[in-house]
Amino acid sequence: MSALRKKFGDDYQIVTTSSSGGSGFQQPAPEKKRKRQRFVDKNGRCNVQHGNLGGETSRYLSDLFTTLVDLKWRWNLFIFILTYTVAWLFMASMWWVIAYVRGDLNRAHDDKYTPCVANVYNFPSAFLFFIETEATIGYGYRYITDKCPEGIILFLFQSILGSIVDAFLIGCMFIKMSQPKKRAETLMFSEHAAISMRDGKLTLMFRVGNLRNSHMVSAQIRCKLLKSRQTPEGEFLPLDQLELDVGFSTGADQLFLVSPLTICHVIDSKSPFYELSQRSMQTEQFEIVVILEGIVETTGMTCQARTSYTEDEVLWGHRFFPVISLEEGFFKVDYSQFHATFEVPTPPYSVKEQEEALLMSSPLMAPSLCNSGEKNSSLDCLELLEDTETTTKLPAKLQKMTGRDGLPRKLLRMSSTASEMTYSLGDLPMKLQRISSVPGVSEEKQICKATKIITEPISQSVADLPPKLQRLAGGGGGGRMDGHLPPKLRKMNSDRFT
């Protein structure tokens, strides 16, 4: 098999031909891919059938008007014709029965006899009288007389029943004809969806367009991802529906659909496609359902157009051709390029893989600090990175003040090795270092000795003060500074020290 590429204008077509050789060997044709079952067809029809309703079918009769409107046209026309035919035959039979009971059929040509309905001789003449009365034609040849009270009552019943039948069937046909479903035929969706980079982010894109000059008022678009999955508890969810954000938070889902628009879904950590890559898309099975809703400007009725994209219809590394050009005094839309795409450089990796690669290559990463021990949690690691970043931004003097050649103090607190503990003892006074280095002394004794050593300079510090400050402190070199305090505070101070 050989592929010949032929150029027709700007388009390229792949033509496949079979090579003939002397050996007569023919390469087997590639196996055709099985067509995947869709939940929503490209024309928007939902491929769902309801079965085994049991006794629930009576619910359709409770809403008979909506049931008739939802029927197909052939069934609507059949019910329309059948209802009028039965009603006409029934009422004509009633007029014939009245004439038969009164004996009008036998004395129809008697000029001295006054029948119930003049000139009614048989069933066809009774049927014609009903049609003339129902349609208000009034030829004047057949008419009801005042000698027939039962005929007057039947005439009133016929008028009421005819009005009800007309209102029901004609209203049903009118609603059926004015439904905005056909308006959706002039709303276009691109045949394929594309994934490429836009504004530095991996984005899923498809295109919508309106072929009519009349606008769609309050047009809004929504996207659903249909994908089967299994929960951690083992429950299987067929066709689980997930929402795809197409600008709900920013208002981009509200469309001004005058010219074709490209709808974008940014793939980020909140997107269901966060782990989707070009390789994994070949094995994934999903369906993207697009729903476009709006109010028809001419009729004021709500219209909804739907379509769907399966994984085979999502093109990785493609972008749509521009279709709008500026002419003299107006903008021109070229719908011949509405479905056309072209390839663009796009990384084949998922957003998750790209973020992990970017995080690993970042200079702020300290693998030896974050991954050295299993005791460090992810929160401690993040705090450690923040401290490292803030410490490196400080001047040289402040970095020395933070201690340990620029290392953050949180790192020193997190360290538990013997060498780090020895290093941290360098900041203590010499007496405390000697106490802590004694091997046989417990921690409680070390704390008591350290407390005595720390309190000794406090008592000596008063004696080193000038004479005026010593007098303010209470006179004595080792006295407490409470000579001029109120009695209550002096008592509280003495109780605290005793």
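Here are some questions and answers about this predicted model.

User: What average pLDDT does the protein have?
Analyst: Let's start with how far to trust the model, which is a prediction. Of the residues, 66% score at least 70. The average pLDDT for the protein is 75.

User: Which residues at the start of the chain have pLDDT under 50, and how many contacts beyond four places in sequence does the model have for them?
Analyst: Where pLDDT is low, the predicted coordinates should not be read in detail. That caution fits residues 1-31, where pLDDT stays under 50. For residues 1-31 the model has 23 contacts beyond four places in sequence.

User: Is S190 buried or exposed?
Analyst: S190 lies in the loop between β3 and β4. Its relative accessible area is 1%. Buried means under 20%, so S190, at 1%, is buried.

User: Which residues is S190 in contact with, leaving aside its neighbours within four places in sequence?
Analyst: Remember that S190 sits in a loop, between residues 187-189 (β3) and 193-198 (β4). One of its contacts, F206, also lists S190 among the residues it touches. The full set for S190 is K42, F206, R207, Y309, F320, F338 and H339.

User: How many of the residues in β5 are buried?
Analyst: β5 covers residues 201-210, and the strand is mostly covered. It pairs with β3 over 3 bridges, with β4 over 5 bridges and with β9 over 6 bridges. The number of buried residues in β5 is 9 of 10.

User: In which sense do β5 and β9 pair, and which residue stands opposite M205?
Analyst: β9 runs over residues 261-266, and its pairing with β5 has 6 bridges. The sense of that pairing is antiparallel. Opposite M205, in β9, stands C264.

User: Which residue in the turn between β4 and β5 has a positive phi?
Analyst: β4 and β5 pair in the antiparallel sense, and R198 stands opposite K201 in β5. The two strands form a hairpin with 2 residues between them. The turn residue with a positive phi, about 55°, is D199.

User: Which element gives the most to the largest nonpolar core?
Analyst: This core has 35 residues, and F206, I221, F273 and I288 touch the most other members. Elements giving two or more residues include β3, β4, β5 and β10. The top giver, with 5 residues, is β6.

User: How many residues are in the second, separate core?
Analyst: Look for W95, I98, V117 and C148, which are among its members. This core is separate, and its residue count is 11.

Note on methods. Residues are numbered from 1 along each chain as its sequence is written. This is a predicted model: local features need pLDDT of at least 70, side-chain atom pairs count only at pLDDT 80 or more; totals for chains, interfaces and linings use all residues. Side-chain values use heavy atoms; hydrogens and water are left out. Helices (H or I, at least four residues) and strands (E, at least two) are DSSP runs, numbered from the N terminus. Buried means under 20% relative accessible area, exposed over 50%, partly exposed in between (1.4 Å probe, protein chains only). Contact means heavy atoms within 4.5 Å. Two strands pair if DSSP finds at least two bridges between them. pLDDT is the predictor's confidence in each residue, from 0 to 100. A nonpolar core is a set of buried Ala, Val, Leu, Ile, Met, Phe, Trp, Tyr and Cys residues joined through side-chain atoms within 4.5 Å.
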